[in-house]
Amino acid sequence: MPDPLSVEQVLTNLDERSLSGSAAELPLLVAELAQLELTDDARLLLRIIRAQARAHQGDSANALSELDALETQVPSAISGRDANAVTILESALNIARGIAYCDQAETDRALVCFRRALDVQVLRGDHWRISALHTNLAIAQVLSGDADSALISLAQALEALQRADVPDRWRRNRLGAIDINRAGALSMLGDLEGTISAYLRARLHLEAGGDRMSLGALDFNLSKVYMQSGRFGSALESAVSAHAAYRDAAATIHARRALTAQAAALRRMNRLAEAETLILRECLPATLMDISGTELVSAIEAVDELAHIYRSTNRYTDATKLERQSTSLALRLPNPEARAFSIIIQYVFDAIEQAKPGQPFRPPNELERTAVQAIRTSPKHAEAPPIADLLERLMRAYATSDYEEHALTDAEVRALEAVGWDYPTWRAQLNVAVGTHRGDDSLLLRGHLFDLARFHTLVAGQESPTVRSTMLASRGGLNLEVVLPLLMRTGNYAGLFEAIEWMRCDLGGSKVPSVPYDLVRFGQLLGVADDTSTTYALPTPGALSIDGRSVLHDADPNVDVVADAHDIRRALAGETSAWWTHMIFRGSLVWALLTPDGVHGGSLSLTAAAKLALQAHFQALPLALAEDVHILGEESAPWLRSVVAIARAAAGPLVQSAETLDQCISAAPDTVAARLREAFPGSTGTVEDNYATLGGWMIPAELDQYLTRYGSDARLLVSVQPESASIPTALLSTAGGKPLIERAVLLYAPPVRIAGELLRRHRYGGSARTHLLIRNPRGDLPDSDLTDLGSRTLSGWATAASADDVASREAVLRALRDQVTVRPSSLSYIGHIESGEFGDPASAALLLAPDSPGLTGSRLSARDVAATGVHMPDRVYLGGCEGAGFATSLEWSSIGAAALAHGSDVVLAHRWPIIDGRHAGVVDKECARIVAAGGDVAARLRSLQRHWLRRWREGNPDAVPPHFWSGLQAIGRSIP
């Protein structure tokens, strides 16, 4: 029978059996070795290592209890023990204790333990463990705020590792751990890019080495860095990876922290329901009693995050309860700075909760003053004194009625950033604090506008287009729920105008090569895309206004929103024009109107009748609806869903075509055809009834007064947003029953950054000297008589005069380049248009002919237009579906907006999909003539639409139904 294994033999076995050289393997290795014959000392060593593994996994409180019991056994007299065994056991105890103390944030005690263990390993000459202990020292030094010492320790760890004779996989994992901790130190020193680079370098090592525990720590910390820099999509991806790695390493508590990090990223992306569900189901511990270390930190993080979610969803009472609970938990942390911050934050929460108009909150007491002093003297931050000053000023803002804010110094701005704040957050906090206890709506408004500005700054910083789109679709999160009522309550209609337009501006921002700040300063005009190949870029916020003046006074005190908006209004639509902007928000139409005589605004609640009219309108469009499933039954072919949508539109008030309905029924399988006949026995509804109801809801009295005052000179610049984009403004009835198109020339405002660019362009108003006609490039549309409209015609392979006249991507690009040499120029595109995908607006594209017969058709996307530097013709007609933007999407997903951003003065385009056929051909021909003729394009379109409306009312059998022309929009610049 072999002799039992000694302490040194157990260490050798651990090294030989380890695949990765990482702590994640310890539980399994200890279990394997425990099955062997061991000396008592060796078995004691395994128990110490088992406790160390528990500490690694975040269960430090139980690990320390176990180590306390084991420590009593080390000095006891055990037969056969030698001095070397005692040395190894004491070193193992110190390593395990140091790891547990780090988890408990007791860094001073951890440093003592690691240094004792290091002395032992230096005497033993074990360079592998010397490297590990220098790395552990760096961890403790980072936790204690000593980044410079941590970088020195990491250099020593690297030097020891170079001298260690270990497998390559072990070496890669240790290199990964060193880089992770180097990233932590660089983060403390404010080197954000260096931090990210170190983490990414560590990932390469750890992926090769297979250390899942360290890989989890890397991704968790990287998620925090991405959150700090506002890159929430990247933060979410890193948190998901961290959870997977921690789960594989059986580190349950750490995995829970990674889930909380996921929830935080989701919240900042305004995916609030997902974030709340994740916290409630996965992140909160079973009990908050008797927890410490990482488990306590994890609980505080989860409670804090849930409080943020509740506050973001206006559940202030629940949020306050959780915030108090979090503060109470934080007071149990051994870190004095964390306790001090908790005391001050609790003061702020109490001040907010107990705020009464006209009454300041109580002055800070001895506890709070002591907390400020603890922060001021903290060795962890070089910015500790200014951090303390700022917190003191924040408390004073709540406690005094005569508080006056002063501009922050550069050092104070850096101090804010050191605690995860920024300038807009600071100003928002102060203004809300002072505005609340003074009962000053103007200060409250200023504070909440800064919050809104901060939200959009964060949106602009997102790397992922999908994340940007998701955040923008939330309409500024819940900030607007506070901002909009304050704007209306204070009668600040200039601010209301800008707030609405600002929402739309983000949704429609486009890449403009250069928009000087001193040319047009309205809304978001400041950003320039880092990636010049990107068609659409989201800028940083330039201004939100208080009584027409920018709230961001420190950025530019001269911004005058009203004056800038008037400049845009006159330049786009003419001297006598008005600008009507509106958005549907929380069941109301929030609107603002800028006229030559003033600014007006308000909110109109959605009535029951208007809600029904809205439903009828959406059902009248050839768009697939969820309710179609009852007609489709088991059928799921995409073409059949389109047939059902067209049939519904054919029976609706905008088409009313029995012929088209019969064609759809004939094309459908028998079962679907029968259900179509039953669902749509004939045409229903009238245009006048439906849009009279919607007009009664949407058109404010102030707009009707403008129309009456200016009469035949009335010109209306309209801004639409996604929720109302598909409503045909032309058909909305005004007071007296007349539709808008009969009372004003309608022009649609492009995104304001494009409008700013239009102000700089020369306008070519005469008849086009060249007219490029692109007709039916895919060869799948009914033929129509357009032969006399183009000085150059490109078409599909079947109808092209020669191979040079085929409307392939390269041929179209060549033709567009040729056009700019002769001005004015125009383009008419009669074909299919693909709307931009959610999250990638620059993917909106014209669908063109293939390069060779029989191949897949080509595309010319908005991104292609930007990348190739093509200058679009002065006037453009987009005769395909959704050229102005898909009826239910964000308006930026539009080839029309891309044309305006890259040279066009005005675009005629459809707001919804158009049913192919002879009526579409009539509209195409007339609109092509309008853009070729030039002049006041919006007025020419109005005349044409009034003509078609009159014939439709008369019941003329050849009349063009409103479906084909009422969604047509002139977008851009069109002046008399």
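This report covers two helix pairs, one helix with a buried face, and two loop residues with positive phi.

The model is predicted: local features need pLDDT of at least 70, side-chain atom pairs count only at pLDDT 80 or more, and totals for chains, interfaces and linings use all residues. Residues are numbered from 1 along each chain as its sequence is written, and side-chain values use heavy atoms, with hydrogens and water left out. Helices (H or I, at least four residues) and strands (E, at least two) are DSSP runs, numbered from the N terminus.

**Helix pairs**

Axes are lines fitted to C-alpha atoms, for helices over the stretch in contact, with angles from 0 to 180 degrees between N-to-C directions.

| Pair | Axes come within | Crossing angle |
|---|---|---|
| H3 (residues 40–56) and H5 (residues 83–103) | 8 Å | roughly 15° |
| H13 (residues 252–268) and H14 (residues 272–283) | 8 Å | roughly 165° |

H3 and H5 are therefore roughly parallel (under 35 degrees). Their crossing is left-handed (the near helix is turned anticlockwise from the far one by less than a right angle). In contact (heavy atoms within 4.5 Å) are residues of H3 including Leu-44, Leu-45 and Ile-48, and residues of H5 including Ile-88, Leu-89 and Ala-92. By class, this contact has 13 nonpolar, two polar and two charged residues, where Ala, Val, Leu, Ile, Met, Phe, Trp, Tyr, Cys and Pro count as nonpolar, Asp, Glu, Lys and Arg as charged, and the others, Gly among them, as polar.

H13 and H14 are therefore roughly antiparallel (over 145 degrees). The crossing of H13 and H14 is left-handed. Among the residues that make the contact are Arg-256, Leu-259 and Ala-263 of H13, and Ala-275, Leu-278 and Glu-282 of H14. The classes in the contact of H13 with H14 are eight nonpolar, two polar and four charged residues.

**Helix H31**

Val-672, Ala-673 and Leu-676 of H31 (residues 670–679) are buried (under 20% relative accessible area, 1.4 Å probe, protein chains only). Seen down the axis of H31, the directions from the axis to the C-beta atoms of its buried residues fall within an arc of 100°, so these residues line one face of the helix. The face turned away from the buried side carries Asp-670 and Glu-678, both exposed (over 50%). Helices H28 (629–632), H29 (638–651) and H30 (658–667) are among the elements that cover the buried residues of H31.

**Positive phi in loops**

Arg-586, in the loop between strand S3 (577–585) and strand S4 (588–595), has phi near 50°, a positive value in a residue other than glycine. Arg-586 counts as exposed at 52% relative accessibility. Gln-656, in the loop between H29 and H30, also has a positive phi, near 50°. Gln-656 is partly exposed (between the 20% and 50% limits), with a relative accessible area of 30%.

Notes. Angles under 35 degrees count as roughly parallel, over 145 as roughly antiparallel, 65 to 115 as roughly perpendicular and the rest as oblique.
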